[in-house]
Amino acid sequence: MFCQIVGKYYLADAGYGIRNGFITPYRGVRYHLKEFSAQGPENAKELFNLRHSSLQITIERVFGILKKQFCVLDAEPFWNFQTQVDIVLACCIIHNHIMGVDPSDLLNQGLYEEPESDLIISTLTEREEREEAREWSAKKDEIAQTMWTDYMARNIR
């Protein structure tokens, strides 16, 4: 069983495979930032992986900062899932306030809305899972191609 919030995607590593709603890198394509130091991306899949890697590093760095600042995030949780989500959001808001960021930033939008209102719980047959994987793979290819087209338009001299 898999839960997904409509219109939201999860950044995930390649171990998740192709699943609807999970943005994973392309396998067998350059990925790590250091692999691009000598030469930039040469195609849509490489650009997608470069941006995926950059975003994943940024997210991991942010969680590292938050875990140092708020020990509650580094402890084994004993709260239900929604409370854990609320704690992470609260720590982000407190951190931003401490750093002088506008406390009414995007992080606060929707904070008090009912979280389960747009929750989808799906149980799919193997055939439906394969079809969903094909659809998501095509969606990821579309995202990568859009990134590449924009990248090429900005970098043509």
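The expected span of a helix is 1.5 Å times one less than its number of residues. The exercises below apply this rule and others to a predicted model.

**Exercise 1. Helix length**

Determine what span helix H3 should have, and compare it with the distance between its end C-alpha atoms.

*Solution.* Helix H3 covers residues 126-155, which makes 30 residues. At 1.5 Å a residue, the expected span is 44 Å. The end C-alpha atoms of H3 are 43 Å apart, which agrees with the expectation.

**Exercise 2. The buried side of H3**

Identify which residues of H3 are buried, and name elements that cover them.

*Solution.* A residue is buried when its relative accessible area is under 20%. In H3, the buried residues are Ala 133, Trp 136, Lys 140, Ala 144 and Trp 148. Their cover includes strand S3 (22-23) and helix H1 (44-69).

**Exercise 3. The chain as a whole**

State how many helices and strands the chain has, in what order they run, and what share of the residues is buried.

*Solution.* The chain contains three helices and four strands. Read from the N terminus, their order is β-β-β-α-α-β-α. Of the 157 residues in the chain, 23% are buried. Among contacts with a separation of 6 or more, 49% join residues 24 or more positions apart. The accessible surface comes to about 11400 Å², and carbon and sulfur atoms account for 56% of that surface.

**Exercise 4. Cysteines**

Find how many disulfides the structure contains, and explain why Cys 71 forms no such bond.

*Solution.* A disulfide is a covalent bond between the sulfur atoms of two cysteines. The search of the whole structure returns zero disulfides. For Cys 71, the closest cysteine sulfur belongs to Cys 91 and lies 10.0 Å away, which is too far for a bond; the cut-off is 2.5 Å. Cys 92 is likewise in no disulfide, since the nearest cysteine sulfur, that of Cys 91, is 7.1 Å away. As to accessibility, Cys 71 is exposed at 61%, whereas Cys 92 is buried at 16%.

**Exercise 5. A nonpolar patch**

Establish which residues make the nonpolar surface patch of about 310 Å², and which element gives the most to the patch.

*Solution.* The patch is made by Leu 11, Leu 55, Ile 59 and Phe 63. Helix H1 gives the most, with three residues. Phe 63 is located in helix H1. With a relative accessible area of 39%, Phe 63 counts as partly exposed, because that class lies between the buried limit of 20% and the exposed limit of 50%.

Note on methods: Residues are numbered from 1 along each chain as its sequence is written. This is a predicted model: local features need pLDDT of at least 70, side-chain atom pairs count only at pLDDT 80 or more; totals for chains, interfaces and linings use all residues. Side-chain values use heavy atoms; hydrogens and water are left out. Buried means under 20% relative accessible area, exposed over 50%, partly exposed in between (1.4 Å probe, protein chains only). Helices (H or I, at least four residues) and strands (E, at least two) are DSSP runs, numbered from the N terminus. Contact means heavy atoms within 4.5 Å. Accessible areas come from the Shrake-Rupley method with a 1.4 Å probe; for residues, only the protein chains shown count as cover. Patches are made of residues with over 30% relative accessible area and no salt bridge: like charges are joined within 9 Å, nonpolar side chains (Val, Leu, Ile, Met, Phe, Trp, Tyr) within 5 Å. A salt bridge is a side-chain nitrogen of Lys or Arg within 4 Å of a carboxyl oxygen of Asp or Glu.
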